[in-house]
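User: Hello! I have a structure to look through, and I would like to go over its backbone and its core with you. Could we take it step by step?

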Amino acid sequence: MNKTTFTMNTITKLSFFLGVLFFSLNITAQDNGFVRQQFIPDGPICRLPPGEYTGLTSSLRNEAVLEKMRGGGTPCSNFVVNYTGFTPEAQTAFQFAVDIWSFSIESSVDIIINANFEDLGGNTLGAAGPLGYFTVDTNIAPEAMPNTWYPKALVEKLEGSDTDNFGLQTPDISASFSSTFNFYFGLDANPPANQIDFVTVVLHEIGHGLGFTSRRSSDGTIGTVINGTTRNTIYDEFVENGIGASILSFTDPSTDLHVEFTSGDLFCNGPIAVGQNGGVPPEFFAPASYTPGSSYAHWDEFIYPAGDLNALMTPSAAQGEGNHNIGNITLGFFEDMGWSICGGSLTVDEFEVADIEISPNPFTSSVSIKLVNGFNDDYTVDLIDINGRVIMTENKSANSDTITLSNLDKLDNALYFVKITNDITGATITKRVIKN
Ligand SMILES: [Zn+2]
C-alpha cells in the first residue's frame, strides 16, 4: 500500500486507535495480577504485489473444508465483516474467502474485519494486518506464551472473550483491497492468464490478519524483530535458521538480524507445521535483498510456487493463479501458534483425529495417549517443547493401546507438543498439550 492511500485508510483506523488508547488508561491489574500490555501497529504488515505469470494453476478448497460445508455444517468461527466501498461481485468473492477461513479455524469469539475496497495505487493488490497486538493472560490461557505479542483475534480465541474487556466488540483485522486492479471475481479458482484471482488475495490477507505476521523490519543494514516494541510476536517464536538458531537468540536490533533476514536460510520449527511438511521445517521467504512487506512474513515463493498446495502465504499472487486451499503447512503453523483447527488437529496419512485421545489436557504430572482404534504397528511418542527440543521419548508396542508419559511435574508450565510416529510407515501426527 502506498503512503497516500494509507493516510486515507488511517482516518478510519485512527478513530479506533484513539478509542483503544483512551480506554487503555482504564486498564488495571486483573484479580489474578495480570496487567495486559498492548501495541497498536501503524500499518499493515503485508503489501501483496502481483507476481509473474508462470502458467494457469487452480487449487480448489481443501477437501476437509468442503466436507464440513457439504453437510450444511456449522462453521467453527464467526467472521463479521464491515464492508466499505465494495462492489457486489467483490463482496461476494470476499465472503467466499471468509467462509473458507470460518470452516478452517476455530474461535468462540467473533472475528471482526474492517474491509475496504479502494484505490491502493501502484502495485498493491491488498494489504492487511491485525488491529492490535496484546499479551495473553496465561491464567486464563495457560497454553499461551507469556509476555509475547499475539494478534488480537488470537488473544480472543485463547482467552475465549473479547480482549478490550469493555464489552465492546472492536475490530480485530484491517484489510484493504485494490478497487482498480483487473481482478477475477469468479468463485471457481480458475482465473484466466491475464487476471488475478480476488478470492486468493483475500484468503492471503486474512491469513496475515489472523497471525501470519511479525513486527520485523530492516533499514537495509540493521534488522529488528521487536521493532520499537518491547517483545516479539508469537510468530517469531517459531523462526530459526538453517543450523537451528532461533531468530530470538540474536541481539535486537542488530546487523546480525538483518543478515538472518536476507540469508535465504530461515525456517519454521513449529512441530505441527513441520509434521505437515513431511518432517522437514518449511522455509520462510528471506531473499538477499530485504523487501518490506514481504521478507520474513511469508513462505518461500520458490519452494511453494503457484500451483503448490501451500502457495497461499507466499509473497505474491500471479495472474492465472487460483488458490482456494489454505494449505496444511500453513494451517499447521496456525495450530502451532495457538489456533485450533476446525474439526480437530490436522491428520497425516492413516491418522485420524478421532483415533487419538490425549488426557488429561492440560496435564500436571503425566499424560496418556490412547490410540483408540487399536493400531497394529509400533509407535514412538515424543514430547517436544516450544523450541522443538525433544524432552522425552516413549515407544508403544502393537499390543498396548495406551502409552503414558510420566514424571512431568518438573516441566515448566507451558505449551508442549506430543508427536506420535508410526515406526513402520513414518506417518506422524502432532498435537498440542498444556502443562499447568
Ligand atoms: Zn502477504
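**Backbone and core, in questions and answers**

User: Where in the chain is Pro253, the residue joined to Asp252 by a cis peptide bond?

Analyst: Happy to help, and please keep in mind that this is a predicted model. The bond between Asp252 and Pro253 is cis, with omega at about 0 degrees. Pro253 is found in the loop between β16 (239-241) and α6 (255-261).

User: Which residue precedes Pro360 across a cis peptide bond?

Analyst: Pro360 lies in the loop between β21 (356-359) and β22 (367-371). The peptide bond leading to Pro360 has omega near -15 degrees, and the residue it comes from is Ser359.

User: Is Ala189 buried or partly exposed?

Analyst: Ala189 has phi near 55 degrees, a positive value in a residue other than glycine. Its place is the loop between β12 (183-184) and β13 (196-197). A residue needs 20 or more other C-beta atoms within 10 Å to count as buried. Ala189 has 19 C-beta neighbours inside 10 Å, so it is partly exposed.

User: And Tyr296, buried or exposed?

Analyst: Tyr296 also is not a glycine, and its phi is positive, about 75 degrees. This tyrosine sits in the loop between α7 (271-276) and β18 (317-318). Because 29 other C-beta atoms lie within 10 Å of Tyr296, it is buried.

User: How many residues of helix α8 are buried?

Analyst: Helix α8 covers residues 328-337 and is followed by Gly338, whose phi is positive, near 130 degrees. Its buried residues include Ile329, Leu331, Phe333, Phe334 and Met337, and also Asn328, Glu335 and Asp336. The helix is largely enclosed by the rest of the structure, because the buried count is 10 of the 10.

User: Which helix gives the most to the largest nonpolar core?

Analyst: That core has 101 residues, and Ala97, Tyr150, Val202, Ile206 and Phe284 touch the most other members. With 7 residues, the helix that gives the most to this core is α5 (residues 198-210).

User: Where does this core lie with respect to domain 1 and domain 2?

Analyst: Domain 1 spans 3-341 and domain 2 spans 353-434. Both give residues to the core, so it lies between them.

User: Which residues is Tyr150 in contact with, leaving aside its neighbours within four places in sequence?

Analyst: Tyr150 is one of the residues that touch the most other members of the largest nonpolar core. Leaving aside those sequence neighbours, its contacts are Tyr133, Phe134, Val136, Ala144, Val155 and Ile234.

Key. Residues numbered from 1 in each chain as written. Predicted model: local features only at pLDDT ≥ 70, side-chain atom pairs only at ≥ 80, totals over all residues. Helix = DSSP H or I, 4+ residues; strand = E, 2+ residues; numbered from the N terminus. Buried ≥ 20, exposed ≤ 12 C-beta atoms within 10 Å, placed from the backbone. Core = buried A, V, L, I, M, F, W, Y, C linked by C-beta atoms within 7 Å. Domains from an automatic or database assignment. Contact = placed C-beta atoms within 7 Å.
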